[in-house]
Amino acid sequence: MISRAALAAGASAAVSAGGTVADLRRDAWGHGVLAVAQVVTAAGAERVLVDAQGEVEALQLEGIRGVTTGDPDIDPNLLYGLPDEKGQLAARPVMRLAGRVLSIKRLRPGDAVSYGYTYRAEKETTVALVTGGYAQGIVRALGNHATVEIRETSMPIVGRVAMDVCVVDLQGADIDVDSEVTYFGGTGPAASGVTRWADITGMTAAELVAVAGAHAVRGWEA
């Protein structure tokens with residue numbers, strides 16, 4: 001999900017901080033090149049850096065100047081709401097990666113989940129099967145290491161991340177089927193979750209959002 005309000009605020013802050021060229025390569029880091037180009041140029045950016053001449057020509061039809069060479073000088077962390085080198089957020093994340101609870105199951109001590117049984121319950125608990133897997137940009141290394149947010153509470157991903165789903169330990173919380181799950185982004189505990197993902201995977205925040213944006217279904221929210 002791409003937040004219209006966060007994108008507008010991030011673009012305004014990034015342009016105000018200085019620079020004239022915004023980095024919109026890799027489909028605006030997975031956020032959608034046309035939408036980001038419209039907002040960042042409305043905020044005052046003079047040019048946007050893209051990957052291909054076809055994108056330059058498409059943007060020209062919208063009255064936007066695109067280039068394929070040169071160095072961007074508008075702060076991408078402010079523009080996209082990404083953490084800095086210290087893992088701190090200076091702006092609200094523009095992208096929120098989300099899924100939904102498909103089903104809920106009780107586990108007894110010793111019960112295992114997902115491929116290879118890398119997780120076994122130490123005590124009785126309840127787990128949820130959640131939409132979102134490595135096909136949607138949720139990197140497999142996150143299994144047994146990362147958390148998600150459900151109803152403003154952080155809960156651990158357990159077992160290996162599968163192609164289109166993963167398993168979350170609800171830790172006794174009363175959660176309903178179809179409840180929304182946030183992997184990173186938003187305004188709650190998962191807001192800076194991409195920082196933890198970067199620590200676990202060795203990838204950068206930019207790479208992680210670009211992969212998620214390229215593979216998950218994109219939607220818009222306030």
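The paragraphs below lead through the nonpolar cores, the strand pairings and the enclosed space of this predicted model. Because the model is predicted, local features need pLDDT of at least 70 and side-chain atom pairs count only at pLDDT 80 or more, while totals for chains, interfaces and linings use all residues. Residues are numbered from 1 along each chain as its sequence is written, and side-chain values use heavy atoms, with hydrogens and water left out.

The largest nonpolar core (buried Ala, Val, Leu, Ile, Met, Phe, Trp, Tyr and Cys residues joined through side-chain atoms within 4.5 Å; buried being under 20% relative accessible area with a 1.4 Å probe, protein chains only) has 54 residues, and those with the most contacts inside it are Leu24, Val48, Leu79, Tyr183 and Trp197. Its largest share, five residues, comes from helix α1, residues 4-16 (helices being DSSP runs of H or I with at least four residues, strands runs of E with at least two, numbered from the N terminus). A second, separate core of seven residues includes Val113, Ala121, Val127 and Val167.

Val48 can be followed further: leaving aside neighbours within four places in sequence, Val48 is in contact (heavy atoms within 4.5 Å) with Ala22, Leu24, Ala37, Val40, Thr41, Leu59, Ile64, Arg65, Gly66 and Val67. Strand β3 covers residues 47-49, and the open sheet of three strands to which β3 belongs has the order β2-β3-β4 with parallel pairing, where two strands pair if DSSP finds at least two bridges between them. The edge strands, β2 (21-23) and β4 (66-67), each pair on one side only. Three bridges join β2 to β3, and Asp23 stands opposite Leu49 in β3.

Elsewhere, strand β8 (residues 125-131) is largely enclosed by the rest of the structure, because five of its seven residues are buried. Six bridges join β8 to strand β5 (residues 97-107) in an antiparallel arrangement, with Arg106 opposite Thr126 in β8. Five bridges join β8 to strand β11 (residues 165-169), also antiparallel, and here Leu129 stands opposite Val167 in β11; Val167 is also one of the residues of the second core.

Finally, the structure holds one cavity of 30 Å³ or more, a cavity being a set of points, on a 1 Å grid over the protein atoms alone, where a 1.4 Å probe fits but cannot get out. About 50 Å³ of space lies in the largest cavity, the volume being the space filled by probe spheres set on the points. Among the residues that line the largest cavity are His31, Tyr80, Met95, Phe184 and Val209, lining residues having an atom within 4 Å of a point. The lining divides into nine nonpolar, three polar and no charged residues, with Pro counted as nonpolar and Gly as polar.

Methods: Buried means under 20% relative accessible area, exposed over 50%, partly exposed in between (1.4 Å probe, protein chains only). On a 1 Å grid over the protein atoms alone, a cavity is a set of points where a 1.4 Å probe fits but cannot get out, and a pocket is an open set with protein on both sides within 12 Å along at least five of seven lines; lining residues have an atom within 4 Å of a point.
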